[in-house]
Number of protein chains: 2
Amino acid sequence: MSLAFVILGLLQQQQRTGYGLKTECFDDCIAHLWQADQAQIYRTLDKLEAQGFVTCTVEIQHDRPNRKIYTLTEAGTAAFTQWLQTHHPSPTLREPLLVQLHFAAQLSDVAIAHLLEQELEARQEKLAACEALQNMAPAESNLSPDDLSSLRGQTMQRLVLELMIQREKVYLDWLQTAIATIQPKSESKD
Amino acid sequence: MSLAFVILGLLQQQQRTGYGLKTECFDDCIAHLWQADQAQIYRTLDKLEAQGFVTCTVEIQHDRPNRKIYTLTEAGTAAFTQWLQTHHPSPTLREPLLVQLHFAAQLSDVAIAHLLEQELEARQEKLAACEALQNMAPAESNLSPDDLSSLRGQTMQRLVLELMIQREKVYLDWLQTAIATIQPKSESKD
DNA sequence: GTCCTATATATGTCTAGTCCTATAGTAACA
DNA sequence: TGTTACTATAGGACTAGACATATATAGGAC
């Protein structure tokens, strides 16, 4: 379960609550890297606590629900460092659209173009989200106190974002040329 | 469940057994598009039969285990055509390596390069597999009798393969430049 | 003779992830 | 005054997929 290690990585930066992990991390700065469900985050935190990788202190609040603040233990740090250094194969990718295109011989050009255009739209949004993150990134990292390692961190994070943006652009290009290939003459219609 | 529709698409081409689907399709011509587990194929066939999308005739064999030959029904064809035309969002991609790089500030250059190199190797294999399919594709499709729609089908399948190959190449390029970025001076060491 | 592979179907179990709902107080909004 | 949103944790139910194993026969390799 890689999610467990993502959480360890986030807790290494600072102690957090489940809610904080969800709203400040998984929905925000690493949304492009690892989307995570709230329920799964809480359940994973329970497991990590049982394993002794994190400890939990309850902060009693009266105007709001109590918070469970999770902190990384030494065992947790060790496990994370170990994970960080070992290769984990990427999961097999299964894209319905590509299967649809594979079987698309029986579809009309219009139907195929429609599928491609819907994907195009979805991917333009994803690209925009990545580019937004890229613009936001420098501002956010000003806070970091340790300059030596934070520079390395920034470089790596920029590299990762660049890959994601490049990929999206390649896909968008392909989608556009595919649409053009399918509708060579037609001027447009809607 | 997209697997169900992949199976319907394959059965539309010709009737097949579960074993045939696995060995001749999922492990072969559409291995790049949709990897599927044998157990899952059989269970999905059961469901499709229960739904009335396929029918099953048992062919008794004496020297070998009996075969259950599945054929697409009209309802199955209709369901498949419907699925083929509607947009199905791509699943969220979660890549451990990118998370690792995101947190890689604390790792040494050597450790990071090692991670990248392992991914590079895995991806070179994937690219090779895709390129092998690309070279194989024309020969395989000679068998098709209906020339009109088979040409369309070939075009689409070529397009899909081109996308996958392009993607792999972009990723490989990025991996190589990332490795170069991390190890700017060092000549190598192992 | 034994082991491995191919043909063929089927079941059990597990993990990761998604979605929905419950709880419960405060605060803003209309 | 009712509704919605925010903070915060938690459990139930379900799906897709991965992995392991069982069964049974034939044939080739060693």
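Select helix α3(A) and its buried residues (buried means under 20% relative accessible area with a 1.4 Å probe, protein chains only; exposed means over 50%). These residues pack against α1 (2-13), α2 (18-29), β2 (54-59) and β3 (67-72) of chain A. Helices (H or I, at least four residues) and strands (E, at least two) are DSSP runs numbered from the N terminus. The model is predicted: local features need pLDDT of at least 70, side-chain atom pairs count only at pLDDT 80 or more, and totals for chains, interfaces and linings use all residues. Residues are numbered from 1 along each chain as its sequence is written, chains are lettered from A and ligands numbered from 1 in the order in which they are written, and side-chain values use heavy atoms, with hydrogens and water left out.

Now show the side chains of I41(A), T44(A), L45(A) and L48(A), which are the buried residues in α3(A). They sit on the same side of α3(A) because they cover an arc of only 105 degrees around the axis, the arc being that of the directions from the helix axis to the C-beta atoms. An α-helix has 3.6 residues a turn, so residues three or four places apart point the same way. Turn to the face away from the buried side: it carries the exposed residues R43(A) and A50(A).

Next, go to the ends of α3(A). At the N-terminal end, D37(A) acts as a cap, with a side-chain oxygen 3.2 Å from the backbone nitrogen of A39(A). Just after the helix, G52(A) has a positive phi of about 85 degrees.

Then select DNA strand D and the residues near it (near means that a heavy atom of the residue lies within 4 Å). There are 24 residues around the strand, and the closest are Y19(A), Y42(A), R43(A), K68(A) and M1(B). Of the strand's atoms within 4 Å of the protein, 65% belong to sugar or phosphate and the rest to bases.

Which residue has a polar side-chain atom 3.0 Å from a base nitrogen of DNA strand D? That residue is Q38(A). For the phosphates, pick R67(A), where a polar side-chain atom lies 3.1 Å from a phosphate oxygen of strand D. Elements giving two or more residues to the surface near strand D are α2, α3 and β3 of chain A, together with α3 (38-51) of chain B. α3(A) gives the most, with four residues.

Finally, show chain A as a whole: seven helices and three strands. Buried residues make up 43% of its 190 residues.

Definitions and conventions:
Contact = heavy atoms within 4.5 Å. Polar contact = N/O pair within 3.5 Å; in protein donor to acceptor, adjacent residues only side chain to side chain.
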